[in-house]
Amino acid sequence: MANFNIDAKQNMTYDAIVIGSGISGGWAAKELCEKGLKTLVLERGRLVEHIVDYPTMNNDPWDLDLRGAATAEDMKDRQVVARSGFVGENNKHFYAKDSDNPYKEEKPFLWMRANQMGGRSLLWGKQCYRWSDLDFEANAKDGHGVDWPIRYKDIAPWYTYVEKFAGISGEALGLPQLPDSHFLPPMELNCVEKDVKTRIEKEFPGRNMIIGRVAHLTVPLNGRGQCQSRNRCDRGCPYGAYFSSNAVTLPAANATGNLTIRPFSIADSIIYDEEKGKAVGVRVIDSETKETIEYYARIIFSNASTINTTQILLNSTSNRFENGLGNDSGQLGHNLMDHTYRVGAMGKFDGHHDKYYKGRRPNGIYIPRYVNIDEKSKTDKFVRGFGYQGGAGRANWDAGANQEAFGAEFKDSLMTPGDWEFFITGFAECLPDYDNKVSLDKDNLDQWGRPTLVIDAEFKENELAINRQIQIDAVEMLEKAGLKEIVGFDNKHGMGYGIHEMGTARMGRDPKTSVLNATNQVHAVKNVFVTDGACMTSSSCVNPSLTYMALTARAANHAVSELNKKNL
Amino acid sequence: MERREALKKSFLVAGSAALAPSLLSILQSCKEQSRLNWKPEFLSIKQAELVSSLVDTILPKTTTPGALDMKVDMFIDQVFGKVYSEEGKKAMVIEMEAFDARSTEKFGDRFAELSSENKTAFLKEEEANCGKFNGKIWGTAAGEQDPVGFYRTLKSMALWGYFSSEEIGLNVLNYDPVPGPYQGCIPLADVGNTWSL
């Protein structure tokens, strides 16, 4: 699928401009192109073509001198993303250099950035869960934040729509708090996971342990191959088995002939026309030449990722919008949310010593939310809830480091699989809090002359209370499931580690308290749509990407319908 | 002429410069185990001798290759030089010196020079006093990791270098680059050794 049209010089005017090519931007591009709109996608990084630009996808450890470790020299420019522990020689080219994109952390905030075509869709965790009315009604019910302007019934058909094209594997269970997707066949649990599932579900009525629902193909779909269990996803998948913009949505957009991608294009600001009362285009800085160029379109989708979209909107000032485009409410940049990460428990399973598995399944187990889902499960310790991800596997030679042994017998013992181990780690819902915010730092400009960002956000009492419960419950479940040598843990991470930033341009019913309406349009500038994580009114405790996809497809459909009615 | 003298003389008569180092090592036979047959790029000779003797003690040659066969010491030299930060290198060097100081205090010489019995005795003590790594989740430590001593760190690097080497990965462990759909519960007997990837 080579030959993307990158020649944006010929044409300065398009029907639509999409800022960003990650998960939501790719969907916006596909939907708008397929509906016949000439669409310009602005990508601030380089082009990454599916397969062609996955140089490390087949590396074995011994193919690299340092067996996959990145050099200190490489990491010098990636001190922020290095904190995640995810970056190595095989994937470093998909992580942005922090040194090129400085920001200020008032409190520790890990901002993971991947500035290239496809963005973080090349690196994401692929966990896909529908939100439910438990989520969409939460703010209205307990009074935190503002009410979502939509309910599950508004988004349900759009979940189905995107799932059919993205390909989500999983098992249908009919749980009200975690609605079923349109599923491809589920991946398999291993023997220990099956045992632990049985014991947890028996010991704790109302709790379920299921195989993760993931954007990995378990059967071929639309020319993409099924997952081969290599677990080398973050280098790019040669089979296109996991959902990424590069493998799925952008090729579809390109096939229409309506797509132009402009790489190295930093969206500086959205151009607002005071007379027309709407946005007319996007001011772009070429990251290589530093030249400023203006592109024009009838509608604009901002899909730059939560924090980058916020930066663009805050930086789009005019007489009408002195504090940022669409910021009449003063909420733009506020209510930043993320999920808590790495609080849970691990232990060893005594049994199944004669069993093993085949394949490196890029997926694990999921324990859906079971607290505060009805009257019976209500707690007075906190509002909202949490879910767990986890999994079982057999230890390998790596476990030898901790064994108090060395020498011939020790070495030979490491050739065969070690103990079965099982862990779960919780993800807590984060409340929208006005004090958790992103703002422009006009005194510190980046190398392109744009104000940098200050991020000032932290988990507050409700999230910490949920985390305490996560650890207590995790240890208790592992005990009841018969695991041994159980260790509870809490990494006490600040925000950002969940890599689920949300909420800084939230949807709402009232323009006085929100930035976007029920169809993701900026209240006061209806031809600007925001459908990345910035639009989220609450955070749920489940992974958000599937919801971004559905909201984007829904908003694109609305945009084209409004264009056709000449309402935009 | 004593036999030893004669031997010495005959080597000297042969006069080959290339033979000189091995002659030297024969004459200093008790120090043979610390002799390097490679030139470290980043570690000092003494540091490299410590690393070599450690990885050889931890993962000796058996029916399967040993750490030295897999050039694990050379690998650690590269990791030390290229992956460690400047501060990390300094800390590692201090720990190496402290390790050898303990060895000297207890057994009268630096680790590389100890007899294999004394090496074993010393490492058993180090094992008990060295801290442990936390369990890992998705590749990083679960919970806040307390500092781990030099020996544990070195051992971990030795295992990494050994088991990620081509010979072990392809021919000793089970190599399966494209496993296909995940099978969650199969007899271990059908697989045998651990998967290498």
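**Notebook: helix H7 and the sheet in chain A**

I looked up the core-facing side of H7(A) first: its buried residues are Cys191(A), Val192(A), Glu193(A) and Val196(A). Buried here is 20 or more other C-beta atoms within 10 Å of a residue's own, exposed is 12 or fewer, partly exposed is in between, and C-beta atoms are placed from the backbone.

Note to self: this is a predicted model, where local features need pLDDT of at least 70, side-chain atom pairs count only at pLDDT 80 or more, and totals for chains, interfaces and linings use all residues. Residues count from 1 along each chain as its sequence is written, while chains are lettered from A and ligands numbered from 1 in the order written.

What covers those buried residues? I find E11, E12 (355–358), E13, E14 and E15 of chain A among the cover, together with E3 (183–187) of chain B. Helices (H or I, at least four residues) and strands (E, at least two) are DSSP runs, numbered from the N terminus.

Next, the sheet. Its six strands run E6-E13-E14-E15-E11-E18 in chain A, open, with antiparallel pairing; pairing takes at least two DSSP bridges between two strands. The edges are E6 (210–211) and E18 (484–490), each pairing on one side only. I checked E13 (365–367) against E14 (386–394) and got three bridges, antiparallel. Tyr366(A) has Gln389(A) as its bridge partner in E14(A).

Last, a loop. Gly174(A) sits between E4 (168–169) and E5 (183–184) of chain A. Buried or exposed? Gly174(A) is exposed, because I count just 7 other C-beta atoms within 10 Å.

Definitions and conventions. Two residues are in contact if their C-beta atoms, placed from the backbone, lie within 7 Å.
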